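Me: I have a model open and would like a close look at a single part of it. Could you pick one place and walk me outward from there into the rest of the fold?

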Amino acid sequence: MVDGSPKQKERFSRAWVVAAAAAANFTYEIVADDERGVDMTVHSHEHTLDFQLKATSNPDIQDDCLVHDLDIRTYDLLRSQQRSGYGVLAVIVVADDTAAWHVMDQRGTSLTRSAYYLPLFGMPSTSNTATIRLRVPMSNLLTANAMKLMMDAQAARWAS
């Protein structure tokens, strides 16, 4: 059994977002320099979702939520209502063994385990100075439909 390196987990987490974006008929781009707290951006024809990606093989699960500590700088960047893109945290849970991450046979392809999301746009400020503990509901599966709903929320923001 081989647990993936942080870089390998980061690369694999992109596959989850790419799959959901493609299934929703959205385009995407990988951000080379995440200076704005963004690893990937997903585009509809008019709107964007900005994703910060985190991957773990050892999730902290409490009360049907994934618990994730995010650095304050990234939290503040993604929650800002002044940003043009809708800031979203995506937490991808991978298996301990990298051999189980991607399985393909004659019946199809699967990515193992799951991806979850938490919209950060408009979240409250915090007095914390280093990190903020976020609770990502396990019901927030990062599916094509969830991506469409977030894109609709982004569109509604500009319509008002």
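What follows starts from one strand and its helix, and then moves out to the rest of the chain. Where does H68 sit, and what surrounds it?

Reply: Happy to! Please keep in mind that this is a predicted model.

Let's begin with H68, which belongs to strand β5, residues 65-71. With a relative accessible area of 17%, H68 falls under the 20% cut-off and therefore counts as buried. Once neighbours within four places in sequence are set aside, H68 is in contact with K54, L89, V91, I132, R133 and L134. Keep I132 in mind, as this residue comes back below.

Now look at the sheet around that strand. β5 is part of an open sheet of 3 strands, ordered β4-β5-β10 and paired antiparallel. The edges are taken by β4 (60-62) and β10 (131-137); each has a single partner strand, so one side of each is left without a neighbour in the sheet. On average, neighbouring strands here are turned by 40° against each other, direction ignored. Between β5 and β10, which run antiparallel, there are 7 bridges. One place to see this pairing is C65, whose bridge partner in β10 is P137.

Helix α2, residues 72-79, is the next thing to bring into view. This helix lies across β5 and β10, and runs at about 100° to β5. Its buried residues are I72, T74, Y75, L78 and R79. Viewed down the axis of α2, they fall within an arc of 160°, so they line one face of the helix. As a reminder, an α-helix has 3.6 residues a turn, so residues three or four places apart point the same way. The buried residues of α2 pack against β3, β5, β6 and β10.

If you follow the chain out of the helix, you come to R83, in the loop between α2 and β6. R83 has 10% relative accessibility, so this arginine counts as buried. Leaving out neighbours within four places in sequence, R83 is in contact with R36, V38, D50, L77, L78, F121 and R157. Among these is L78, one of the buried residues of α2. R83 and P119 are 36 residues apart along the chain, and their C-alpha atoms are separated by 13 Å.

From here we can turn to the other open sheet. This one has 5 strands in the order β1-β2-β3-β6-β9, with mixed pairing. Its edge strands are β1 (27-30) and β9 (113-119), each of which pairs on one side only. From one strand to the next, the twist averages 25°. β1 and strand β2 (residues 40-43) run antiparallel and are joined by 4 bridges; there, E29 stands opposite T41 in β2. Helix α1, residues 6-23, lies across β1, β2, β3 (48-56), β6 (86-94) and β9, running at about 140° to β3.

The packing of side chains ties several of these elements together. The largest nonpolar core has 28 residues, and those with the most contacts inside it are V17, V42, L49, F51, L142 and M147. At least two residues of this core come from each of α1, β2, β3, β6, β9 and α3 (144-159). L49 makes a good viewpoint: not counting residues up to four places away in sequence, L49 touches M40, T41, V42, Y86, M147, M150 and M151. Apart from this core lies another, of 16 residues, among them V31, Y75, I132 and V136. That brings us back to the start, since I132 is one of the contacts of H68 and Y75 is a buried residue of α2.

One more piece is worth a glance. Strands β7 (residues 102-105) and β8 (residues 108-111) pair antiparallel over 4 bridges, forming a hairpin with 2 residues between them. D105 has G108 in β8 as its bridge partner.

Finally, step back to the whole protein. There are 3 helices and 10 strands, following the pattern α-β-β-β-β-β-α-β-β-β-β-β-α along the sequence. The C-alpha trace spans about 50 × 35 × 30 Å along its principal axes. The radius of gyration is 16 Å, which agrees with the value near 15 Å for a compact globule with 160 residues. Buried residues make up 42% of the 160 residues. Of the contacts with a separation of 6 or more, 69% are between residues 24 or more positions apart.

Terms used. Residues are numbered from 1 along each chain as its sequence is written. This is a predicted model: local features need pLDDT of at least 70, side-chain atom pairs count only at pLDDT 80 or more; totals for chains, interfaces and linings use all residues. Side-chain values use heavy atoms; hydrogens and water are left out. Buried means under 20% relative accessible area, exposed over 50%, partly exposed in between (1.4 Å probe, protein chains only). Contact means heavy atoms within 4.5 Å. Two strands pair if DSSP finds at least two bridges between them. Axes are lines fitted to C-alpha atoms, for helices over the stretch in contact, and angles run from 0 to 180 degrees between N-to-C directions. The arc is that of the directions from the helix axis to the C-beta atoms. A nonpolar core is a set of buried Ala, Val, Leu, Ile, Met, Phe, Trp, Tyr and Cys residues joined through side-chain atoms within 4.5 Å. The radius of gyration is taken over C-alpha atoms; the globule rule is 2.2 Å times the number of residues to the power 0.38.
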